[in-house]
Amino acid sequence: MKKVRIGGGLGFYGDSFLPALEMILNDKVSYVAFEDLAELTLAILQKDRQRDPSGGFTKDFIPMLKLILSEAKKRGIKLITNAGGLNPEGAAKAALNLAKKMGLHIKIGLVKGDDLLGDLSKLSSLSHMETGALITEDIIKKAVFANAYIGAKPIVEALKKDVDIVITGRVADASLFLAPIVYEFGWSFDDLDKIAAGTTAGHLLECSTQVTGGNHGEKWWEIDDIDNIGYPIAEVHEDGALFITKTKDSGGIVNFDTVREQLLYEVHNPARYLTPDVTLNMMGIKLQETAENVVQVTGIKGEPKPEKYKMLISYPDGFMGQSIIGYSWPDALRKAKTTEKIVRKIIEKMKLPVKDIRAEYLGYNSFHGPLADSTYVEELNEIYLRILGRTDDKYTAEQISRIMVPLALSGPPTASGLLGFQRVRSLLGLWPTLIERELVDKRIEVKIMEV
Amino acid sequence: MKLKKVAFARSSDKGDNVDISLFARDNDGYILIRKSVTTEKVAGHFAAFGISEVERYEVPNLLALKFVLRNALEGGATRCIRADNLGKTFSGALLRMEI
C-alpha cells in the first residue's frame, strides 16, 4: 500500500525551525508543512505591512529557507507554508531571491486570493459569526486585514505543477497538510472520510510540539529530553490509515494523552469541527498506541464541508498602556496594593481619559484573577504590580506606561525591578464572519514562479 | 476534592471564546467528571470573568469533556489586555474547581 510521510515544521510564528532541518535530514518525509498563522499573528503581520508594504509575511521565513532549502531540494522534499501571511507574493519573491543567491533552481507555487480587504466595502451582510450583529461602515473603513480561510484545493493544484515550495496566505491550518496527502493518493474531495483523515493528520500536526509533549497537561515533568523535543510526523496510508509519530532520536513523547489533547485543541464542538474542506466528526475516533511514540488514529468520519468560508476581519480598537513594578517581603502585597491606590489617584488628578484601568498582581492573581488562592497572600516573598489601561488614543496609553516611575522613590518601600517604559500596544478588534464560497473562489489564483 | 486530582486540561483562544478540554485518566474518572463538572457549575466557576455563556460537549471516546466559554477574552487575543490574553491559563483555573 502506498504511504506518505508528512512533517509538521512549525507550530506558530516564532517557533524553532531547527527540528525542520532534522526532519528533512533524517526522517524520510516527502513533505514538510509549516503552519504560521494564529489570529494574533495576522495582527502582528498587519503592523509589519503598515510599516513597510513589502512586508506582511513572517520575518523568519527567509532565514528558515536559508537553513533548509538546499537539503530539501536535494532530497526532493516539498515545502508547504502559509508563512506568506498578508503578503504571499512578497514572500515568494523573497524566496526566489534567496534561491538565486544560493545558486538553486526552484519552482514556487503561489496561492493568492484569500485577501479581501480591498473589496470589503463591496461585500454585503458580513454579520458577526457569534453575535449575528451586522458589520458597520466604520469597521469596514477602519479594517486592516480581511482574509478568508481557504482550503486545500489550490495547494493540490500547485503540487500538480511539480513545484518545490507552495506559499500561501490564510489557508486554514489543517488544509496545508491535507493537500499533499490528497495529491499523493489522488483522493477525491467527495471521499469525505478520507478527506477527514487527512484533515485530522493536519490538525494534529499544525501546532508542532503540542502533540509531542509540549504544553502537555499530564505529568509534563516526566517527559524525557524536552530540550530536544521532536516535531510531529504523520504517516498516512492510501486507504486513510493514520499514524502519528515524531522525529527520530528526539525528546518528548507521543502517546494517547498527547494525541487526544491536541485532537481536541480549539475545536469547540468535536462532532462538527469545521474546516474549508470537510466537517470533521471526532465522536468515533479511537487512539491506539501501536509502538513507542506511535499512535494510530481510527474511526475518523467526514461530513460535507460548511456551505461558506470563514473570514476574519480586524480593525484598530484602541491602545493599551502598562507599567510594572515589584515589591519584596515583608508586606509585599500590601505595598503593591498601596501603589495601585496611588496610581489610580494620579490618573484621576491628571484627568487622563482612560476607559478601563486595571491592576494585576504578577505572582498572585494575574492569570487566575478572582479564582486565585489567597491563603498565603500575607507572606508572599515578592510581588509585581501591573497597572494597565485601555485607551482610545496612543498618547494617553503612553502616560499610563510611565506613570509608575516616580513611585520608585515616593511610594511604599522596597520598590524594585521597575520594568522600564513598557511599549504601548495597539489593540485590534476581531470580526469573524462567513462569506459565500464563490465570491472567494473566483479570486483564487495559483501562480507559478521560477528561478 | 479539587478537579486537578482526577483530570488534566488544556485551553486556548478562538476569537472571543476560550476553548477548554478536560481529560479524565480512566473510565471511572470520566463518569465522575461527566456527572460533576456540569455546564452550570463551570458557568458559576468563571462567573467573575464576564463570560456570557458556557457550552459543554461530552467526548466519551477520548474520556474528555469540552467547554466553550463565550465572550471570555474582551473581544479576542488582539484586544484583550489581561496578562493571559490567549486563555492558556483557563485550563488551570478550571482544575481549581471543587468537585
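Visitor: Which residues point one way from E4(B), and which point the other way?

Guide: B:Ala64, B:Lys66, B:Val68 and B:Arg70 go one way, B:Leu65, B:Phe67 and B:Leu69 go the other way, and all are buried. Before we go on: this is a predicted model, where local features need pLDDT of at least 70 and side-chain atom pairs count only at pLDDT 80 or more, while totals for chains, interfaces and linings use all residues. Residues are numbered from 1 along each chain as its sequence is written, chains are lettered from A and ligands numbered from 1 in the order in which they are written, and side-chain values use heavy atoms, with hydrogens and water left out.

Visitor: What makes E4(B) largely enclosed?

Guide: Start with the word "buried": it means under 20% relative accessible area, with exposed being over 50% and partly exposed in between (1.4 Å probe, protein chains only). In E4(B), 7 of the 7 residues are buried, so the rest of the structure largely encloses this strand.

Visitor: And why is E4(B) called a strand?

Guide: Strands (E, at least two residues) and helices (H or I, at least four) are DSSP runs, numbered from the N terminus. E4(B) covers residues 64-70.

Visitor: How do you know that E3(B) and E4(B) pair?

Guide: Two strands pair if DSSP finds at least two bridges between them. Here 7 bridges join E3(B) to E4(B), and the two run antiparallel. Looking across to E4(B), you'll find B:Glu58 opposite B:Leu65 and B:Glu53 opposite B:Arg70. E4(B) also pairs with E2(B), over 6 bridges and again in the antiparallel sense; B:Val18 stands opposite B:Leu69 there.

Visitor: Which strands stand at the edges of the sheet?

Guide: The order is E1-E2-E4-E3 in chain B, 4 strands in an open sheet with antiparallel pairing. E1(B) (7-14) and E3(B) (53-59) each have a single partner strand, so one side of each is left without a neighbour in the sheet. On average, neighbouring strands of this sheet are turned by 15° against each other, direction ignored.

Visitor: What packs on the sheet?

Guide: Helix H1(B), residues 27-36, touches E1, E2, E3 and E4 of chain B. Touching here is contact, meaning heavy atoms within 4.5 Å. The direction of H1(B) makes about 155° with that of E3(B); axes are lines fitted to C-alpha atoms, for helices over the stretch in contact, and angles run from 0 to 180 degrees between N-to-C directions.

Visitor: What makes B:Ala77 count as buried?

Guide: B:Ala77 sits in the loop between E4 and H3 (90-95) of chain B. Its relative accessibility is 3%, so under the 20% cut-off B:Ala77 counts as buried. B:Ala77 touches A:Leu40, B:Asp13, B:Gly15, B:Asn85 and B:Leu86, leaving aside residues up to four places away in sequence.

Visitor: Over to chain A: what makes the buried residues of H10(A) lie on the same side?

Guide: A:Ala332, A:Leu333, A:Lys335, A:Ala336, A:Thr339, A:Glu340, A:Val343 and A:Ile347 are buried in H10(A). They cover an arc of only 155° around the axis, so they share one side of H10(A); the arc is that of the directions from the helix axis to the C-beta atoms. On the other side, A:Arg334, A:Lys341, A:Lys345, A:Glu348 and A:Lys349 are exposed. Among the partners that the buried residues pack against are E14(A) (308-328) and E15(A) (354-362).

Visitor: How do you know what span is expected for H10(A)?

Guide: The expected span of a helix is 1.5 Å times one less than its number of residues. H10(A) has 18 residues and reaches 26 Å from its first C-alpha to its last, close to the 26 Å expected.

Visitor: What makes A:Asn215 partly exposed?

Guide: At 48% relative accessibility, A:Asn215 falls between the 20% and 50% limits, so it counts as partly exposed. Its phi is a positive value near 50°, and A:Asn215 is not a glycine. Most residues other than glycine have a negative phi.

Visitor: How much area is buried between chain A and chain B?

Guide: About 4200 Å², with carbon and sulfur atoms giving 55%. Buried area is the accessible area (1.4 Å probe) that two parts lose on being put together, summed over both. In chain A, A:Arg260, A:His268 and A:Leu371 lose the most area to chain B, together 18% of what that side buries. As for contacts, 49 residues of chain A meet 47 residues of chain B.
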